[in-house]
Amino acid sequence: MNYQIPLYIQLKNLIIQRIKDGEYLPGEKIPSEREMSSLYHINRMTVKHAVNALIDEGYLFRIKNNGTFVTKKIANKILYLNDHSTGKSIGLGAFINKHGLTLKNTILEEGIIKDQTYIEKKLNLNHGEQIYALHRLRKIDSESIALEYCYLPFKYFDDIQDHDFSKASLYDYMKQKEHFPISFEQKLTIQKAFHPITKIMDIPSDSYIYNLEYIGHDSSGTVVEFTTSYMPCDKAEYGFETFKSE
């Protein structure tokens with residue numbers, strides 16, 4: 001290995017190359033951290049650093065007590081979420097209501113957090129800035145259709161804790177505050193469901209789920225939302241419309 005480049009980056013790039021070359025196939029388990037440490041004669045913590053970085057970037061996912069697997073990646077594009085009948089952005093709640101169904105929201109956790117480096121980067125925030133966190137389970141009748149971990153920059157939504165998002169629309173509130181997301185960067189992957197997702201959503205342990213991660217921008221281009229959403233594959237389908245830039 002080239003010791004002028006940090007070892008974990010070299011290992012990360014090597015694993016990516018093996019995925020691209022088809023040595024590690026989508027859904028396939030990769031060697032354990034212990035095995036890679038022995039194979040490449042490097043510290044196990046270095047291996048762990050590389051693997052965690054690849055999980056953050058969406059190349060891998062980990063199943064507790066089972067191992068680390070190559071993600072079945074479906075798409076990684078900048079998309080616009082629109083209701084084609086109006087040309088306007090539409091959230092999950094509005095989409096469900098539009099089709100005559102009733103969406104029930106259960107708030108799992110909410111509040112102000114900070115010093116979350118990964119989320120700060122996604123929201124283009126400085127270290128230590130406050131973040132509003134909203135974790136909620138969304139159901140139609142008694143069936144779980146989405147588990148959402150939503151994060152907003154608190155500085156744009158300073159009265160957000162006065163609202164009950166088990167009943168109120170988050171996007172209606174964001175529109176009222178003039179920071180409504182109109183365009184989204186999205187990454188969609190398919191992976192096997194894992195604990196605690198299976199327990200919270202009450203789905204079988206052998207289920208597969210969509211993992212949709214998106215960053216929302218308002219009309220000025222400011223990042224106003226970062227959300228990770230999990231949806232059972234048998235409850236939803238995703239379609240994509242892409243546009244060629246000039």
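Reader: What makes strand β8, residues 143–153, a mostly covered strand?

Author: In this predicted model, ten of the eleven residues of β8 are buried, where buried stands for a relative accessible area under 20%.

Reader: How do you know that β7 and β8 are paired, and in which direction do they run?

Author: Two strands count as paired once there are at least two bridges between them, and ten bridges join β7, residues 131–140, to β8, with the two strands running antiparallel. One of the bridge partnerships is that of Ile140 with Glu143 of β8. β7 and β8 form a hairpin with two residues between them, and in that turn Asp141 has a positive phi of about 55 degrees.

Reader: Which strand does β11, residues 223–232, pair with, and how many bridges support this?

Author: β11 is joined to β8 by five bridges, again against a requirement of at least two, and the strands run antiparallel. Within β11, Ser229 is the bridge partner of Glu148.

Reader: Why is Phe157 called buried, and what can be said of Tyr173?

Author: The relative accessible area of Phe157 is 0%, and because the limit for buried is under 20%, Phe157 falls within it. Tyr173, at 3% relative accessibility, meets that limit too and therefore counts as buried.

Reader: How many aromatic pairs are there by the ring-centre rule, and why is the pair of Phe157 and Tyr173 called tilted?

Author: The count comes to ten aromatic pairs. For Phe157 and Tyr173, the ring centres are 5.8 Å apart, which is within the 6.5 Å required of a pair, and the planes stand at 45 degrees, neither under 30 nor over 60, so the pair is tilted. Phe157 belongs to the loop between β8 and α6 whereas Tyr173 belongs to helix α6, so this pair ties together parts that are 16 residues apart in sequence.

Reader: What kind of aromatic pair do Phe165 and Tyr173 form?

Author: The rings of Phe165 and Tyr173 are 5.8 Å apart from centre to centre, with 65 degrees between their planes; since an angle over 60 degrees is the mark of an edge-to-face pair, that is the name this pair receives. Phe165 is buried, with a relative accessible area of 1%, and one aromatic cluster is formed by Tyr156, Phe157, Phe165 and Tyr173.

Reader: Which residues have the most contacts inside the largest nonpolar core, and which elements supply at least two residues each?

Author: The largest nonpolar core has 25 residues, and those with the most contacts inside it are Leu152, Phe157, Ile160, Phe165, Leu170 and Met174. At least two residues of this core come from each of β7, β8, α6 (170–176), β9, β10 (208–217) and β11. Leu170, once neighbours within four places in sequence are left aside, is in contact with Leu134, Arg136, Cys150, Leu152, Ile160 and Phe165. Apart from the largest core lies another core, of 19 residues, among them Tyr149, Tyr151, Ala193 and Ile197.

Reader: Is Ala193 buried or exposed, and how do you know?

Author: Ala193 has 4% relative accessibility, which is under the 20% limit, and therefore counts as buried. Ala193 lies in the loop between β9 (183–192) and α7 (197–201). Not counting residues up to four places away in sequence, Ala193 touches Thr198, Ile203, Pro204, Ser205, Ser207, Tyr208 and Ile209.

Reader: Why is Glu33, a residue of helix α2, counted as buried or exposed?

Author: At 14% relative accessibility, Glu33 is under the 20% limit and so counts as buried. Its contacts, leaving aside neighbours within four places in sequence, are with Arg44, Val47, Lys48, Val51 and Arg62.

Reader: How do you know on which side of α2 the buried residues lie?

Author: The buried residues of α2 include Glu33, Met36, Ser37 and Tyr40. They cover an arc of only 105 degrees around the axis, which puts them on the same side of α2. The covering of the buried residues of α2 includes α1 (7–20), α3 (44–56) and β1 (60–63), while the face turned away from the buried side carries the exposed residues Arg34, Ser38 and Leu39.

Reader: What is the average pLDDT of the protein chain, and where is the pLDDT below 50?

Author: The chain averages a pLDDT of 84, and 82% of the residues score at least 70. Over residues 74–89, however, the pLDDT is below 50, although this stretch has 40 contacts in the model beyond near neighbours in sequence. Where pLDDT is low, the predicted coordinates should not be read in detail.

Methods:
Residues numbered from 1 in each chain as written. Predicted model: local features only at pLDDT ≥ 70, side-chain atom pairs only at ≥ 80, totals over all residues. Heavy atoms only, no water. Buried < 20%, exposed > 50% of the residue type's maximum accessible area, 1.4 Å probe, protein only. Helix = DSSP H or I, 4+ residues; strand = E, 2+ residues; numbered from the N terminus. Contact = heavy atoms within 4.5 Å. pLDDT = per-residue confidence, 0-100. Core = buried A, V, L, I, M, F, W, Y, C linked by side-chain atoms within 4.5 Å. Phe/Tyr/Trp six-rings, centres within 6.5 Å; stacked < 30°, edge-to-face > 60°. Arc of directions from axis to C-beta.
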